[in-house]
Amino acid sequence: MNRLEAATMAPAGAALPEPKVIRFLGARRAYWRLLVRGAVLLMTTLGIYRFWLMTDVRRFLWSNTEIAGDNLEYTGTPLELLLGFLIAIAILIPIYAGLFLVALDLGTLGQLSGLIGFAALFLLGQYAIYRARRYRLTRTIFRGLRFHQAGSAWGYAFRAIAWWIITVLSGGLAYPFQLASLERFKMRHTFYGDLAGHFAGSGLRLFLRGLPMWFLVVAPLALAVGAFIDVVDWNALGEALSQGGDDILARIEGSNPALAGVLVFAMLMAGVTGSAAALLYPAFQAVVLRWWTSGLRFGTIEMRSRLRMRDVYGAYMRFLWYGVLFAIAAGIAAIPALLMVGALTGGEEASQTGEIAATGVLLVGYVVIALGFSTIYRATVLLSLWQLGMESLQLSGLTALDTVRAGGRPSSALGEGLADALNVGGY
Amino acid sequence: MPGGRDGLNAMTSGTGIFFDGLTSARHEAVVALGASALQIAGGDGRLLAEWPYDAIEALAAPGQVLRLRRRGNPTLERLDIRDSRLAAAIDARAVRVDRSGGLQHRQRLGVIGWTLAATASLLLVAWFGVPAIADRLAPLVPGGIERKLGDAIDLQVRGLLDRDKKGAAFECGRAATEQPGRAALDRLVQRLEAAAELRLPLRVSIVRRPEANAIALPGAQIYVFRGLVEKADTADEVAGVIAHEIGHIAHRDGTKSVIEAGGLSLLFGMLLGDFVGGGAVVVAARTALKSSYSREVERAADAYGVNLMNRAGGDARALGTMLTKIGGATEPGMTVLADHPDTRARVTAIDAMAAQRPAPPLLDARGWTALKRICAG
């Protein structure tokens, strides 16, 4: 891809592979079994089982990750997550009720209610992300010591909101600097025992690596918009729109004869942008993952990632492959289901129970398909990213690991609960 | 494995890796199987920890490792055993350690059973509880709040329905040529309202929508679509549909459905979580639930409408005539079921309740002609 990647890949190919400091020992088959069983139970329990599934998944990933000969350990429990969720509900219900009352107001407050609600929940979501990270860290044990995280979650939330606004205004160009800044904040407050972490990744470096991709995605779109502004005669269009009468389309065309051509061009360019974004997404993820893990530091322990982009593409290819297989299977299974729906709703004597049953069949079908794809995604892309991200890491300064002292206390699962209720959860 | 059993009994000690929870140092430990406790000693023979067998728990670890801790221990002491024979010996002595997974399996079955029970009770509450609560709560909502709620919903409904951007007002009866129609409509509504005795003043408008429908919103707001007026042959047919909608208002059906929707989205939206992009499921579940009791609601509104027409001195059978014409779809979005047994049954029920006497039309011929032209604009 470029010089940097070639430089890191050359020794791996030339010399004998050195023993990996981090190994992932989990068997794919066991992970599939765990996820499929979890998906079935999620469906039959309307999602209540997710606290148990989430804990199983983390236990599997953590305990099968071996760093310098010792395994990580996840000590969180499903009941903690459930409690965190209940606390989150207790906090969110009054907020939702308040937002509902604001929406009933007919003045400017009511008009702004959507914006107020979005801003409040977005802020709370960022707060939840930071608190959830604290929960996960304090439940992560390595060699008998826990990780922990200090720092104010509100401080993080306001910082994150400010950065999101800048990123959106800059058309995504500020995103690398946002990631770097927020990661510095997180890692500055992260500890393994008494060993303080920090983040050494540079936003500028990620920016330069990401810039070509940004151009490939944004340039066609910019071209389309540019062509629009260039070609369309806005005054004539404005007049055409303000005139009375029936045939608006004809009037628009009369005012701007070139409009049809520009529209076709714009649609073509939007297609180019869409496919470029889809094709480049794995590359983007690989770049960010390698940049991120390479910047993590704990005391004198340094990390360096040798993640290869083609491995990440391999993970996505596996997802596509299983996804296609699943889609075919679902398509075949859908035929009798749709026939059943037709029989239940069609005909003269369609009964009320028949209609409800048909809705039920469609509902179950939707849930099966959605859960199926999310399970495949977890078992292919997410698992591979975890494994690749971990195994591609080289650690130096490991002697520091032998003298770390305990520190930190377990935190509550409130953040996890909020993140769950607000749909901003992670692993 | 008889041989293994012998070895197990003979075994009294082995090695493991011990972490004391205070520092990250690895301690190569000698693990001795005492009479009632596991004794963990350092390389120098100093006793590091002594764990009673009944307090030992196993933690998640890769296949070849048995990772142990002492239950309820606030410091994170850990013991890793990689020697499979020693692991088997500990497994045999510690009741909470079960490497076959049987113990965990039983616990998990309990969890699954209870979550299924919780799901069942949730569905029952959604099916029976939420509508019942909405039924009882809706009459308690004060008129002022109902009006406010209605106005807020009105904004949304207008946004959805008012698709005509050509500049004509959404409501008919504003332009000078339409004024006589508006006056005729007011006379018609007045007769119905006098007989209905509602707690809020009624607001009825004909609106520019091509469909033959009508809707009632909380706060006593009724919109009759112009398509319905065009399809009607007598003033009583329009009056019948308005009477049916007044039924919805008298029964507070709009407020009820708002409470129901809020309750259901709270119930499902929060519990479903983000594994399945919950929103679509909630919407589908809500429609599935709604269609089951919306029929009862429609029939109740029919009954009220017939009763009201009887009291106002109109021809209640006109509602049935109109229903047949529009295929039972009194509300927007309802499926048109012209020959459907449901619609036929509704018409039969209406005819049975209607007063069997010839009634003069609710509007005179001039009034009816004016009403027909209310959207002529």
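At what angle do H7(B) and helix H10 of chain B pack, and how far apart are their axes? The angle is about 90°, and the axes are 8 Å apart. This is a predicted model, where local features need pLDDT of at least 70, side-chain atom pairs count only at pLDDT 80 or more, and totals for chains, interfaces and linings use all residues. Residues are numbered from 1 along each chain as its sequence is written, while chains are lettered from A and ligands numbered from 1 in the order in which they are written.

**Chain A in brief**

- Chain A has 15 helices and 10 strands; these are DSSP runs numbered from the N terminus, with helices (H or I) of at least four residues and strands (E) of at least two.
- Of its 427 residues, 30% count as buried. Buried here takes 20 or more other C-beta atoms within 10 Å of a residue's own, exposed takes 12 or fewer, and partly exposed is in between, with C-beta atoms placed from the backbone.
- Take the contacts in chain A between residues at least 6 apart in sequence: 73% of them join residues at least 24 apart. A contact means that two C-beta atoms, placed from the backbone, lie within 7 Å.

**Nonpolar cores**

- The largest nonpolar core has 85 residues, and those with the most contacts inside it include Ala128(A), Tyr192(A), Ile40(B) and Ile81(B). Such a core is a set of buried Ala, Val, Leu, Ile, Met, Phe, Trp, Tyr and Cys residues joined through C-beta atoms within 7 Å.
- A second, separate core has 51 residues, among them Ala220(B), Val238(B), Leu308(B) and Leu319(B).
- Back in the largest core, Ile81(B) touches Gly16(B), Leu66(B), Leu68(B), Leu86(B), Ala87(B) and Ile90(B), not counting residues up to four places away in sequence.

**Helix pairs**

- Two packed helices are described by the angle between their axes and the distance between the axes. Axes are lines fitted to C-alpha atoms, for helices over the stretch in contact, and angles run from 0 to 180 degrees between N-to-C directions.
- H7(B) and H10(B) are roughly perpendicular to each other, a label for angles of 65 to 115 degrees; under 35 counts as roughly parallel, over 145 as roughly antiparallel, and the rest as oblique.
- On the H7(B) side the contact includes Asp236(B), Glu237(B) and His244(B), and these helices also meet through Ala318(B), Leu319(B), Thr321(B) and Met322(B) of H10(B).
- By class, this contact of H7(B) with H10(B) has five nonpolar, three polar and two charged residues. Ala, Val, Leu, Ile, Met, Phe, Trp, Tyr, Cys and Pro count as nonpolar, Asp, Glu, Lys and Arg as charged, and the others, Gly among them, as polar.
- In chain A, helix H2 (residues 28–44) and helix H3 (residues 50–63) pack at about 170°, with axes 10 Å apart, so H2(A) and H3(A) are roughly antiparallel to each other.
- Tyr31(A), Leu34(A), Gly38(A) and Leu42(A) in H2(A) meet H3(A) residues including Arg50(A), Leu53(A) and Phe60(A). Six residues of this contact are nonpolar, one is polar and two are charged.

**The sheet in chain B**

- Seven strands make an open sheet, ordered E4-E3-E2-E1-E7-E6-E5, with antiparallel pairing. Strands pair if DSSP finds at least two bridges between them.
- At the edges sit E4 (47–52) and E5 (56–59) of chain B, each pairing on one side only.
- Strand E3 (residues 37–41) of chain B pairs with E4(B) over five bridges, and Ala37(B) has Pro52(B) as its bridge partner in E4(B).
- E5(B) and E6(B) form a hairpin with six residues between them; Glu57(B) stands opposite Arg69(B) in E6(B).
- Side chains alternate along E5(B): Ile56(B) and Ala58(B) point to one face and are buried, while Glu57(B) and Leu59(B) point to the other and are not.

**Residues to look up**

- Arg143(A) has a positive phi, near 50°, in a residue other than glycine. Arg143(A) lies in the loop between strands E4 (140–142) and E5 (145–149) of chain A, and counts as buried because it has 27 C-beta neighbours inside 10 Å.
- Arg252(B) has a positive phi too, near 55°, and is found in the loop between H7 (235–250) and H8 (253–272) of chain B.
- Phe207(A), in helix H9 (residues 203–231) of chain A, counts as partly exposed, with 17 C-beta neighbours inside 10 Å.
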